[in-house]
Amino acid sequence: GPALLFVKTGQGREEGRRFYACSACRDRKDCNFFQWEDEKVSQTRLAAREEYNRSHQPSFTHRQNVERYKNFVQLPLSKRRFCQECQQLLLPAEWEKHSDHQFLCDISTAQLKSPSQLLYPLENKKTNAQYLFADRSCQFLLNLLIDLGFRRVLCVGTPRLHELIQLKASQEDFRVRSLLLDIDFRYSQFYTEDEFCHYNMFNHYFFGGEAAHETCRKFLYEDNGERVIMVTDPPFGGLVEALASSFKKLMAMWKETGKEGHNNKEMPVFWIFPYFFESRILDFFPSFNMMDYQVDYDNHALYKHGKTGRRQSPVRIFTNLTPSMIVLPVEEGYRFCTICQRYVSSGNQHCEICNSCTSKDGRRWKHCDLCKKCVKPSWFHCNNCNCCALQTHSCEKTDAGCFVCGKAGHKRSACPSLSHT
């Protein structure tokens, strides 16, 4: 889809040179697209680029994959194979082409209903970072959505939540429906065009064109836009600005339903992201609040529930719903703070000076009178820096100025010289 516009800046230079690069891949090895904003591109280069894009298209379209799936489920168990190297369901006529590949045999219906466990997670941190919800977090999210009265869930980059909803809908009288928007096209092998849209959340691009865009719009428009929520779990290395732009466009699509009163409301959202991005998210969505619930992942070495101290998962839920509505499990140590009117973790003690439950990471924070705020328990006030920091920090860094303009007192992200468009 469309590239994003970036700027190259040097130390002390107020104006940088702008360039276009891939919206989804931060590593040039994964996508080598690069073009200066003011560069004139020859027809030869444009043709070469088009040819490159064509040669990197998936083997089958979404519609073809749906047909292949129908044929696959009709096969006896002994003839159901999945190529692990190509990450593809194989029909008997294709076995010979994949004869020297590793494959799984006897693919059961249960495996087909749980594609996130059949497919290899894409764990390139600079491109996909496809970490999948642990069962605990996934089940909690679904139960919470049901308790809150939602009947449709727009799953943006949350394949395991979508999978759980689809699985329950096929087994019992289950009224919640979901639509998955994800950049991982492999899911098109398992879901119809009404259940999955190939989508890039960094530039709001539907690879299926107007038809896929219409699928999403119809999903949001059902029941006059009522009882629908967007749940998104983006790669943590992604640019918050780009993600916020796309999410605002999805929220605007919901607002267009024309339901009376929608003009003054936002579509309900759960944005799942690490707590240290809180200020960036609130810059774009002032109505959001961060919940204390720790989201954990199956295939991430660090983001696991039950660890203590700094080893706890830093991933939280940001939402525009009223915090008191988000009931967190008491059996996991969460409790309701009557002053803050929200559920907090057991270590998050209410500070009477700040008049808030101030901990972000699950540990009990302490109040610094000089900083006039609560800080992490391992931090101490440094008179040289005039703020709290780790005892092992280097005060020399306080002399360094902003990377963009060279002036002291602010970081690059808050530099007034940068134009925020």
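Over the face of which residue does arginine 17 lie? I looked this up first and found arginine 17 over the face of tryptophan 36, at 3.9 Å from the ring centre. A charge sits over a ring if NZ of Lys or CZ of Arg is within 6 Å of the ring centre and within 35 degrees of the ring normal. I then noted arginine 81, whose charged end sits over the ring of tryptophan 95, 3.8 Å from its centre.

I recorded the basis of the entries. The model is predicted, so local features need pLDDT of at least 70 and side-chain atom pairs count only at pLDDT 80 or more, while totals for chains, interfaces and linings use all residues. Residues are numbered from 1 along each chain as its sequence is written, and side-chain values use heavy atoms, with hydrogens and water left out.

I turned next to the aromatic pairs, of which the structure holds 21. Rings of Phe, Tyr and Trp (its six-membered ring) pair if their centres lie within 6.5 Å; planes under 30 degrees apart count as stacked, over 60 as edge-to-face and the rest as tilted. The rings of phenylalanine 133 and tyrosine 297 have centres 5.7 Å apart and planes at 40 degrees, so this pair is tilted. The two residues stand 164 residues apart in the chain. Phenylalanine 133 and tyrosine 297 are buried (under 20% relative accessible area; exposed is over 50%, partly exposed in between, with a 1.4 Å probe and protein chains only).

I also entered the tilted pair of tyrosine 199 and phenylalanine 206, with 4.8 Å from centre to centre and 50 degrees between the planes. Tyrosine 199 and phenylalanine 206 are both buried.

Terms used. Helices (H or I, at least four residues) and strands (E, at least two) are DSSP runs, numbered from the N terminus.
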